[in-house]
Amino acid sequence: MDQIKIGIVCYPTFGGSGVVATELGKALAQEGHKVHFITYSQPSRLDFLNENLFYHEVDFRTYPLFEYPPYELALASKMVSVAQNEKLDLLHVHYAIPHASAAYMAKQILKTQGVVMPVVTTLHGTDITLVGKDPSYEPVVTFSINQSDGVTAVSHDLKRETLEHFRITREIEVIPNFIDLAKFKKQKKDHFKKAICPNGEALIVHTSNFRKVKRIGDVITVFYNIHKEIPAKLLMIGDGPERIQAETMCRELNICDDTRFLGKLEAVEEVLSVADLFLMPSEKESFGLAALEAMACEVPVVSSNAGGIPELNVQGVTGYLCTIGDVEEMTRKALFILDKNNLPKFKANALKRAHEFDITRILPVYEKHYEKAIQRAHQKVIV
Ligand code: GMT
């Protein structure tokens with residue numbers, strides 16, 4: 001496709017949607033597109049320099065009258081000014097709330113100035129499955145999805161759920177999440193492994209934002225059960241509301257010596273490089289990007305069967321899928337994988353599966369989607 005100028009709007013945090021948006025922007029920039037990130041702080045993975053990458057900060061004023069500062073208005077205004085000044089060809093917003101409705105507003109303002117601004121919305125999960133279908137947001141989410149010139153969802157399950165809960169009148173294309181295998185690969189970190197597992201213990205890892213949907217308690221319980229059977233260590237990466245409870249649980253179960261909470265990490269792949277098993281017992285998960293990152297580092301996954309996880313983790317091949325909350329089954333499957341006769345095969349399969357989600361395969365799909373959205377937006381104006 002011809003090189004274009006794209007405005008990307010996302011949450012700049014460690015969350016999966018922000019990671020996907022940032023990695024996509026970086027890959028597009030390497031293809032020669034000019035990519036302008038529009039968000040309230042520097043995205044955590046926007047960590048490299050490229051002449052095609054730009055960052056525009058949304059600054060929103062607080063005022064004594066505002067109990068809740070109107071971020072969406074400041075964002076829409078910023079989209080308008082970046083679109084005008086940088087002559088953007090397209091806006092791609094990640095996570096519907098409030099980015100899709102802010103983009104709609106920006107598009108309408110630009111229209112009054114004779115500018116056609118195609119908008120692509122990518123649905124990531126909780127913008128649909130938790131927050132979006134709440135009556136306090138649903139009409140706006142439905143409207144802004146229907147008004148987008150292109151809509152993508154990160155899994156078939158998320159598409160299905162969107163169509164089930166919203167009156168959607170337009171096509172949704174499933175474009176799965178991806179991984180940059182040039183970056184996310186197993187690194188040689190023997191000294192690190194030796195420091196954490198001095199006696200050759202099995203190393204279990206969990207990464208998330210420690211929210212309720214991640215079922216952190218199940219992670220601790222499964223680890224406790226594994227630890228009763230074989231020597232093992234647990235590394236918990238990330239931070240969030242459930243962390244204190246998880247730490248309390250570790251103290252009560254007397255497993256603190258074998259569990260470490262590492263907080264938010266920039267280079268997750270360094271820890272994943274020494275892991276033997278990844279746990280993802282989530283209640284909801286539209287895709288499970290953290291599991292894909294583990295698989296790219298040759299780490300098999302024991303997960304729940306929630307949402308879109310079955311589209312990634314292959315039963316009995318890259319790991320196992322268990323009923324949400326079935327910690328006994330998760331323990332059995334974890335111990336099976338960790339058996340030294342089984343582990344090498346699972347590790348190899350995990351990596352092989354990750355290759356199917358390599359950025360080099362997914363990037364052209366996004367580019368095609370952009371082309372169609374641009375055409376559609378311009379045709380609407382002619383009609
Ligand atoms: O978890 C969220 O609330 C939102 C989002 C995020 O920013 O972390 O996560 C969702 O998007 C990721 C990237 O597409 C997916 O890999 C996650 O499965 C999805 N989380 C949920 O559905 C709970």
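In this predicted model, helix α8 covers residues 216-229, and because a rise of 1.5 Å for each of its 14 residues should give a span of 20 Å, the 21 Å found between its end C-alpha atoms agrees with that expectation. Its buried residues are Ile216, Asp218, Val219, Ile220, Val222, Phe223, Asn225 and Ile226. These buried residues pack against strands β8 (202-207), β9 (232-237), β10 (259-263) and β11 (277-280), and also against helices α9 (243-252) and α12 (327-338).

Helix α2, residues 71-86, can be described in the same terms: at 1.5 Å a residue its 16 residues should span 22 Å, and its end C-alpha atoms are 22 Å apart, which agrees. Buried in α2 are Tyr71, Ala74, Leu75, Ala76, Met79, Val80, Val82 and Ala83, and the elements that cover them include the strands β1 (5-9), β2 (34-39), β3 (53-57) and β4 (90-94) together with helix α3. Just after α2, Lys87 adopts a positive phi of about 55°.

Helix α3 itself, which runs over residues 96-112, contains Pro98, and the peptide bond joining Ile97 to Pro98 is cis, with omega about -10°. Most residues other than glycine have a negative phi, and most peptide bonds are trans. Positive phi values also occur at two loop residues. Asn254, which is not a glycine, has a phi of about 60°; Asn254 lies in the loop between α9 and β10 and, at 69% relative accessibility, counts as exposed. Glu298, likewise a residue other than glycine, has a phi near 70°; Glu298 belongs to the loop between α11 and β12 (301-304) and is partly exposed, with a relative accessible area of 23%.

Two packed helices are described by the angle between their axes and the distance between the axes. For helix α11 (residues 289-296) and helix α13 (residues 343-355), the axes come within 7 Å and cross at roughly 120°, and the crossing in which α11 passes α13 is left-handed. On the α11 side the contact is made by Leu292, Met295 and Ala296, which meet Ala350, Leu351, Arg353 and Ala354 of α13. Sorted by class, this contact of α11 with α13 comprises six nonpolar residues, no polar residues and one charged residue.

How many disulfides does the structure hold? It holds zero. Cys250 is in no disulfide, and the nearest cysteine sulfur, that of Cys256, is 5.5 Å away; a disulfide would require the two sulfur atoms to lie within 2.5 Å. Cys250 is buried, with a relative accessible area of 1%. Cys297 is also in no disulfide, the nearest cysteine sulfur being that of Cys197 at 16 Å, and Cys297 is buried as well, with a relative accessible area of 0%.

Three further residues, in a loop, a strand and a helix, have contacts with residues beyond their neighbours within four places in sequence. Glu242 lies in the loop between β9 and α9, where, apart from such neighbours, it is in contact with Phe210, Arg211, Lys212 and Ile216; the last of these, Ile216, is also among the buried residues of α8. Gly263 is found in strand β10, and its contacts, with the same neighbours left aside, are Met236, Ile237, Gly238 and Arg243. Gly263 and Asp239 stand 24 residues apart in sequence, yet their C-alpha atoms are 5.3 Å apart in space. Val365 is found in helix α14 (residues 359-382) and is in contact, again leaving aside its neighbours within four places, with Glu173 and Ile175. The C-alpha atoms of Val365 and Ile175 are separated by 7.3 Å, although these residues are 190 residues apart along the chain.

The accessibilities of these three residues are set out below.

| Residue | Relative accessible area | Class |
|---|---|---|
| Glu242 | 15% | buried |
| Gly263 | 8% | buried |
| Val365 | 28% | partly exposed |

Because buried means under 20% relative accessible area, Glu242 at 15% counts as buried and so does Gly263 at 8%, whereas Val365 at 28% is partly exposed.

Notes. Residues numbered from 1 in each chain as written. Predicted model: local features only at pLDDT ≥ 70, side-chain atom pairs only at ≥ 80, totals over all residues. Heavy atoms only, no water. Axes fitted to C-alpha atoms, helices over the stretch in contact; angles between N-to-C directions. Helix = DSSP H or I, 4+ residues; strand = E, 2+ residues; numbered from the N terminus. Left-handed = near helix turned anticlockwise from the far one by under 90°. Contact = heavy atoms within 4.5 Å. Nonpolar A, V, L, I, M, F, W, Y, C, P; charged D, E, K, R; others polar. Expected span 1.5 Å × (residues − 1). Buried < 20%, exposed > 50% of the residue type's maximum accessible area, 1.4 Å probe, protein only.
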